[in-house]
Every structure is written in structure tokens, then in C-alpha cells.
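Student: I have a new structure to look at and could use some company while I find my way around. Can we go through it together?

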Amino acid sequence: MTTLVICVDRSGTIGRATNVPMPVAGWEAVRSLVTDAGLADPEDASVNCLLEALRVARDLRDEREDAIVAVVSAESESPVGADRSIAAQLDDLVDRYDPSAAIVVVDSAEDERVLPIVESRMPVDGVDRVVVRQARDIESTYYLLKQFLADEQLRSTVLVPIGIALLLLPVLFVQFSAGAAVAGVAGLLGAALLYKGLGIDRLVAGMPERVREALYAGQVSVVTYVVAGGLSLVGGFFGVLAATNLEDALLTVQAMEFTYAAVPWLAVAGVTAAVGRLLDELIRDEGIRTPYLNLPFVIVAVALVVRGFAGYFLEQEALLAPTVVAGYVVAPAQRLAGFIVAGVVVSLVGVKLASDVGTETLEEVIEADADAEVEGAAGEGGAEGE
């Protein structure tokens, strides 16, 4: 019963450094090879691999087991050629010694890739990986980086934004101050991480297809979405104009002024978009789903509450004229309470109307959306596998 202790060198370092024909087998031959490899490159980890193979063979002999130490080293630069040369050397060892088992000694993760080749020719009882203590963390980091760089998706997600940021950094340093340059690069990296982390890239990638389907299907929501976008721009424009009129005011006051002026336009934009979806539901004659029917009321209710709070703060700063109803001056707190009550009433009306007219419950919509997400994820996984 012969056990073959094999030192595997897939990179071919030992063979190139010593110019010794491979494979090398036998205690004295491997000891001589250790000396030659160590003199050629004392820092090479393959020397430790050879010494470990000798130690394992010695321990097996001390246990009264017939052990033969051998070394195989690749003789080609290409991965396929290297594996084929190692396979031929293993066949030579099997013909010579007819081993009953083998113990493989390696010094890197790359050498471990040869294990299937060894296992196809003889049983493998164990694998001994030699790691130089001083280089343990360095080696692990190296292979992690190597795997990271081999992943195309990770490269495009991480390395591309970092590369763009590094290219922009010197330009920003020249044109602006150091603080502005660092802030700009940090903002760019943050936007890139959010773009990927929030899944905006998938949304943007699928947007052309959804727009094309909507145009071909003749959906009314396409037009209402465009109108809603225009109304949103108008609301933002009026909000900026109102905020810029308060140049000497605090930033929070300017924000409240922007909100107070823009919210009505944004609410009308949201209602317009929601009405477009409702019309699409009616045209398809599939019934009106509850969430789509309730959405316009929710938008109006939120707009009322937000505008009420913004107006309250502006009245506290004396930037908004007091509200007069039937000759009675309404206090800011009363005005705020009125807006809140109006928002709650509108929301309740929407819930009631949706429950009476809607043809689908909220739970059914959520389950349908969850099933769609699962099917989409399965489709993406199948596409990536292909």
C-alpha cells in the first residue's frame, strides 16, 4: 500500500527555476530540488511547499507507512496547457508507483484547482495547504481582489464610478478649492452607490421598453404623465421664484415658501397622472382597481396637510397675510387645524369610494405585485445563468 505525497506547482515556478525535468520523485531527488529552488528564489512559497511535502512523507514513514514524495510542475504558460502537462506527469507517477492513495500539498488557491485532475487518477486522502505566516493576510487579500476583478458586474458597479471620480478630482482641484473638489467627488460616489443600491439602474434600463409598450397600446396615461411632468416643472419654477424673493430669510423659511407655492401645482400633477391610470383601467374594461381609485384622494389629502403646515410657519414669520372668513380673522393654529381636517376628510372619502367602487382589494394587489417580482427575479436569474 503506497501513498504518494504530491507537491503541486500549477504556475510552473519550480520547473522554470531549476530546469529539472518533471515529475521528480524520491526523497533524495526532492531534497536536492529544494536546494536548487531555494537558491534560485529564496522568497518563493514553492520552497515551503516542497519542504512540507518532505515533512508529510517523513511523518507517514514514521507511522510505518510506505510513502513516496513527488513533485509535479506545469510546463506551459496557458492554463489548459499547464493542466495537461500536470495530468501527463501524474500518469507517469501512477505507471511507476501504482499508488493506492495520494496526499496533495499546495501553497495557493490556484494550485488547488488541480485537485480534480489528481482525483481522476488516484484516491486523494488529504489536502495540505501551506501558507507562509507572514503572508497569510496578503495572500488572502490577493485572491479576493483577483476574484473581484474577474466579476464583470462588480467591476462596472464599483470600479467605473471610482475611476470617473479619480479622473475628475484633479480637474476640480484646479478649477475650485480643495473642499469643493472633495465634496464633488464624494457626491458623485454617493450618487453612484444610490443609483445601484436603490435599483434605479434596472428601472432606467426597463423604461424604454415600458414607454414603447405604452405608446403602441394607446394608453391615455402616456399623455397625462407628460402633462404631469409639465405641471411639476411649473410648480418647481413658481416655488423657486417665491423662495428667491426672500433672499435675507433663513433657509428653512425659504424652504417653506417654496413648498407653499409649489405644492398646489405638484398636487394637480399627481392627480393628473392618477386620473390617466384610471382612464386606462376604464378603457380596458377590466374594472377599476382599488389602489388606483384611492390614489387621487391620497394625493389631494397629503397636499392639503403639507400646504397647511407650510402656511402655518409662514404666518408665524408674518410672511403670509392672515386668513379672513366672513369678517373673522382665523388664527394660524385654527387655519392649520382646518387644513388637517380637510385632508383627513378627503382621505376618508377616497377610502369609502374605493371600497364601494373598486373591484380588487389591496391585499390582492400586493400579492399580485409580489408574484410579479418573484417571476421577474427568476427571469433575471435564468438570463444571468445563460
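Tutor: What follows is a walk through some salt bridges, a surface patch, a helix residue and some aromatic rings, and the model is a predicted one.

Student: Okay, salt bridges to start. How many are there in the structure?

Tutor: The structure holds 10 salt bridges. One of them joins the side chains of Glu-110 and Arg-10, with a nitrogen-to-oxygen distance of 3.6 Å.

Student: And why does that pair tie together parts far along the sequence?

Tutor: Glu-110 belongs to helix H5, residues 109–112, whereas Arg-10 sits in the loop between strand S1 (2–9) and helix H1 (13–18), so the bridge ties together parts that are 100 residues apart in sequence.

Student: Is Arg-10 buried or exposed?

Tutor: Arg-10 counts as buried because its relative accessibility is 10%, and the limit for buried is under 20%. Its partner Glu-110, at 24%, counts as partly exposed.

Student: What does Arg-16 pair with?

Tutor: Arg-16 forms a salt bridge with Glu-77, and their closest N and O atoms are 3.7 Å apart. This pair also links distant parts of the chain, with Arg-16 in helix H1 and Glu-77 in the loop between strand S3 (66–73) and helix H4 (79–97), 61 residues apart. Glu-77 is exposed, with a relative accessible area of 68%, while Arg-16 is partly exposed at 46%.

Student: Which residue does Arg-129 bridge to?

Tutor: Arg-129 bridges to Glu-112, with the closest N and O atoms 3.8 Å apart. Arg-129 lies in strand S5 (residues 124–129) and Glu-112 in helix H5, so this bridge ties together parts that are 17 residues apart in sequence. Arg-129 is partly exposed, with a relative accessible area of 35%, and Glu-112 is partly exposed as well, at 30%. Elsewhere, salt bridges that share partners join Glu-52, Arg-55, Arg-58, Asp-59 and Asp-128 into one network.

Student: Changing topic, which residues form the nonpolar patch on the surface?

Tutor: The patch is formed by Leu-194, Tyr-195, Leu-198, Ile-200 and Val-204, which together have about 470 Å² of accessible area. Helix H9 (178–197) and helix H10 (200–217) each supply at least two of its residues.

Student: Where does Leu-194 lie?

Tutor: Leu-194 lies in helix H9, and with a relative accessibility of 51% this leucine counts as exposed.

Student: What about Gln-254, which residues is it in contact with?

Tutor: Setting aside neighbours within four places in sequence, Gln-254 is in contact with Ala-243, Leu-246, Glu-247 and Ala-249. Gln-254 lies in helix H12, residues 251–284, and is buried, with a relative accessible area of 18%.

Student: Last thing, the rings. How many aromatic pairs are found?

Tutor: A search of the whole structure finds three aromatic pairs. In one of them, the rings of Phe-237 and Phe-238 have centres 5.8 Å apart and planes at 70°, so that pair is edge-to-face. Tyr-312 and Phe-313 form another edge-to-face pair, 5.8 Å centre to centre and with 70° between the planes. Tyr-312 is partly exposed at 24% relative accessibility, and Phe-313 is partly exposed at 41%.

Student: Which residues form the aromatic cluster?

Tutor: Phe-237, Phe-238 and Trp-265 form one aromatic cluster.

Student: And what sits over the ring of Tyr-260?

Tutor: The charged end of Arg-307 sits over that ring, 3.8 Å from the centre of the ring of Tyr-260.

Technical notes:
Residues are numbered from 1 along each chain as its sequence is written. This is a predicted model: local features need pLDDT of at least 70, side-chain atom pairs count only at pLDDT 80 or more; totals for chains, interfaces and linings use all residues. Side-chain values use heavy atoms; hydrogens and water are left out. Patches are made of residues with over 30% relative accessible area and no salt bridge: like charges are joined within 9 Å, nonpolar side chains (Val, Leu, Ile, Met, Phe, Trp, Tyr) within 5 Å. Accessible areas come from the Shrake-Rupley method with a 1.4 Å probe; for residues, only the protein chains shown count as cover. A salt bridge is a side-chain nitrogen of Lys or Arg within 4 Å of a carboxyl oxygen of Asp or Glu. Helices (H or I, at least four residues) and strands (E, at least two) are DSSP runs, numbered from the N terminus. Buried means under 20% relative accessible area, exposed over 50%, partly exposed in between (1.4 Å probe, protein chains only). Contact means heavy atoms within 4.5 Å. Rings of Phe, Tyr and Trp (its six-membered ring) pair if their centres lie within 6.5 Å; planes under 30 degrees apart count as stacked, over 60 as edge-to-face and the rest as tilted. A charge sits over a ring if NZ of Lys or CZ of Arg is within 6 Å of the ring centre and within 35 degrees of the ring normal.
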